[in-house]
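Me: I would be grateful for a close look at one part of this protein model, chosen for the detail it offers to a beginner. Please explain how that part is built and then how it fits into its surroundings.

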Amino acid sequence: MDSIIKRIEEEIANFTPTQGTEETGLVRATGDGIAEIDGLSNAVMTEMVLFDPTFDRTLEEALKDAAPIYGLVLNLEEDGVRAVILGDGSRVYEGMLVRRLGRLLSIPVGDSLVGRVVNALGEPVDGKGPIKDTKFVPIERQAYGVMDRSPVNVPLHTGIKAIDGMIPVGRGQRELIIGDRGVGKTTIAIDTILNQKNEPKESRPICIYVAIGQKESKTARIVAELAEAGAMEYTIVVTAPASSPAAFQFLAPFAGASIGEHFMEAGKDALVIYDDLSKQAVAYRQLSLLLRRPPGREAYPGDIFYLHSRLLERAAKLSQEKGGGSLTALPIIETQEGDVSAYIPTNVISITDGQIFLLADLFNKGMRPAIDVGISVSRVGSSAQTKAMKKVASKIKLELAQFRELEAFMQFASDLDPDTKKRIEGGQRMTEVLKQGRGEPLAFEMQAIIIWGAINGYFDGYEPSEVTAAEKKLRDFIAREGIKELEGVRTSKDIREETEVALHALFKKFNERKA
Amino acid sequence: MNLAHVYASALVSSPEGDKAVASLVTHLQARGRMKLLPRILRELTELRERSQAVAPTLTVASEAEKAQALTDSAALGFTPDTVVIDPTLIKGWRATKKGQLIDRSGKRALTDLYRNITT
């Protein structure tokens, strides 16, 4: 024993640290999650710094509070820098030593993130232990250029008839989901994740759900819902709850994009949902004002457009030379009283490749999802639609457009001519067919067959109020007796002549049973 | 950045010393801004404190290690204005100078080791 103690004492006596030169600064002032730092004249934008709580304390005190506090440099000034504190700001004090870390803010990414819930810095928050086999990538990076991209031509099915039929989303597209609070924006996003279970495993996109400024109870409910449906097998949740510092809420979407890019660069497909970017904009406004940047319209800083454009530009469909992977983005924006002409909504509308408008009026009328198909649009997705969907979608669009024209005359129903009445009823039936409950995404072949039935008049024997119930029964019937037809549409991605013949027979059989 | 800070910084960086102060006072009188003088003084005091905080300092764990620390730090091009003895360093030394830090103390090594193990 004595010899061991003597040996360790010798080791300590001979220990010679070889630490090199580091660049340091001193905290001049701190408050509201922001630190003004003297020095660090060589620091660069978005570089990480370390606030060292151990520097001017004894070892015993230092070890009690040794957890590092990181900061992110966001303002470079004449005699110092301003940084946001990524953590507990109350531990940072005036005169505290700050070290440059010489690296940009990075997060760990890797396949092992799948199924996990992480914060904006990629640290696990689900209590399932550390995440292994990861590599660090910068949270901010340049989006891929024109030559590295290929056109969007593969569909990303949401499982929602109204969207896949009329506002299709392609892999690599950026489609905005916009509407007031409580009209079903998150529901569409979650249903889209759930629907990926219907995709073959080899082409199933990895889904990343980024919760920004949400209540933790809501995020917990979503995680539980995804886990229960088995969707966490291909999903990662990045959370920056309302209780987290504004810096985390500003960074979370970038973390989600970096994770998505990891899968895209590996030649896979990924889907990232930013829920929601209005809250990110508010967090960024808070940071900018505290950093004393000049406020602009609605007190947002001048670079608020660039904040969203550089984030959404990272969604891409890569060329075959780059591996052919894709990153699809579904940003969500919350409007106030349906006002889409506010600053942030107009910015994001102009950045994205289309938008899905959800209306509170439709929602209150019982239309679920409450999509206004008249003003919703997808700018690139239609070229990614399957032949089967294309065949049926053009007819629903026309029928619904005619219905909208005549909708105003509905109150004079008794005075209308039979043709107009028929068109109105047809539109009402089609609207009912497009209704879909929460958590009930449908595989594209099932959607195509139901819409095919609707445009071929197989719901004409029902009163509009009976259509929803009939459609539910039809789904069960097709799943039971139309396996061959479903398989035919799934494999060919088309409704061929022979399939059409079989579908006519199938629908006749269904209606005969009703009779 | 306020006007008082700008004037104070200009005075500090001016090679003309007293002449610069006199010129500044004349300028402030001519502009009717003599009220700024106390604020300029406050800014100057802050600037002095800040420059003292970054003055070259060598901190050594014990008197016995002082000579070796001076030799080692000089080999790295470091000449301290002041040398401080701080036993909380446990062993070794650390040198600070205008935003540069060389920390070769036992405390730093042990803290880093603790962090690597626990985080």
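Reply: Two residues are said to be in contact when heavy atoms of one lie within 4.5 Å of heavy atoms of the other. With that term in hand, it should be said at once that the model is predicted. The part chosen here is the loop between helices α7 (277-290) and α8 (304-312) of chain A, in which A:P301 lies.

A few words on the whole chain will set the scene. Chain A has 515 residues, and 54% of them count as buried. The chain contains 16 helices and 17 strands, and its C-alpha trace spans about 95 × 55 × 45 Å along the principal axes. Of the contacts between residues at least 6 apart in sequence, 75% join residues at least 24 apart. The exposed surface of chain A is about 22800 Å², of which carbon and sulfur atoms supply 53%.

We may now turn to the loop itself. Is A:P301 buried or exposed? A:P301 is buried, because its relative accessible area is 3% and the limit for a buried residue is under 20%. Setting aside neighbours within four places in sequence, A:P301 is in contact with A:Y284, A:R285, A:S288 and A:P294. A further separation helps to locate this residue: its C-alpha atom is 9.5 Å from that of A:A281, although the two residues are 20 apart along the chain.

Two of the contact partners of A:P301, namely A:Y284 and A:R285, also appear in arrangements that involve aromatic rings. A:Y284 belongs to a cluster, linked by ring pairs, that also includes A:F250 and A:F254. A:R285, for its part, lies over the face of A:Y300, 4.4 Å from the centre of the ring. Over all chains, the count of aromatic pairs is eight. One of them is formed by A:W452 and A:Y458, which are stacked, with 6.0 Å between the ring centres and 20 degrees between the planes. Both A:W452 and A:Y458 are buried.

A:E298 is found in the loop between α7 and α8 as well. What kind of phi angle does A:E298 have? The value is positive, about 55 degrees, and A:E298 is not a glycine. Most residues other than glycine have a negative phi, so a positive value deserves a remark. A:E298 is classed as partly exposed because its relative accessibility is 42%, and partly exposed covers the range between 20% and 50%. The loop therefore includes a buried residue, A:P301, and a partly exposed one, A:E298.

A second positive phi can be set beside that of A:E298. A:K493, a residue other than glycine, has a phi near 55 degrees. A:K493 is found in the loop between α15 (483-492) and α16 (497-514) of chain A. Its relative accessible area is 43%, so A:K493 counts as partly exposed.

The other side of helix α7 in the sequence also merits attention. A:D276 lies in the loop between strand β13 (269-275) and α7. The peptide bond that joins A:D275 and A:D276 is cis, with omega about -5 degrees. Most peptide bonds are trans, so a cis bond is a departure from the usual form. Another cis bond runs from A:R368 to A:P369, where omega is near -5 degrees. A:P369 is found in the loop between α10 (360-364) and β17 (377-378).

Two further parts of chain A give a background for the loop. A:R82 lies in strand β5 (residues 80-86). Although arginine is counted among the positive residues, A:R82 is buried, with a relative accessible area of 10%. Among the residues that A:R82 touches are A:E36, A:E77, A:L291 and A:R292. Helix α4 (residues 185-195) has ten of its eleven residues buried, so the rest of the structure largely encloses it. The buried residues of α4 include A:K185, A:I188, A:D191 and A:N195.

To return to the chosen part, the loop between α7 and α8 holds A:P301 and A:E298. A:P301 is buried and has a relative accessible area of 3%, while A:E298 has a positive phi of about 55 degrees.

Definitions and conventions: Residues numbered from 1 in each chain as written. Chains lettered and ligands numbered in written order. Predicted model: local features only at pLDDT ≥ 70, side-chain atom pairs only at ≥ 80, totals over all residues. Heavy atoms only, no water. Helix = DSSP H or I, 4+ residues; strand = E, 2+ residues; numbered from the N terminus. Buried < 20%, exposed > 50% of the residue type's maximum accessible area, 1.4 Å probe, protein only. Areas by Shrake-Rupley, 256 points an atom, 1.4 Å probe, with all protein chains shown as cover. Phe/Tyr/Trp six-rings, centres within 6.5 Å; stacked < 30°, edge-to-face > 60°. Lys NZ or Arg CZ within 6 Å of the ring centre and 35° of its normal.
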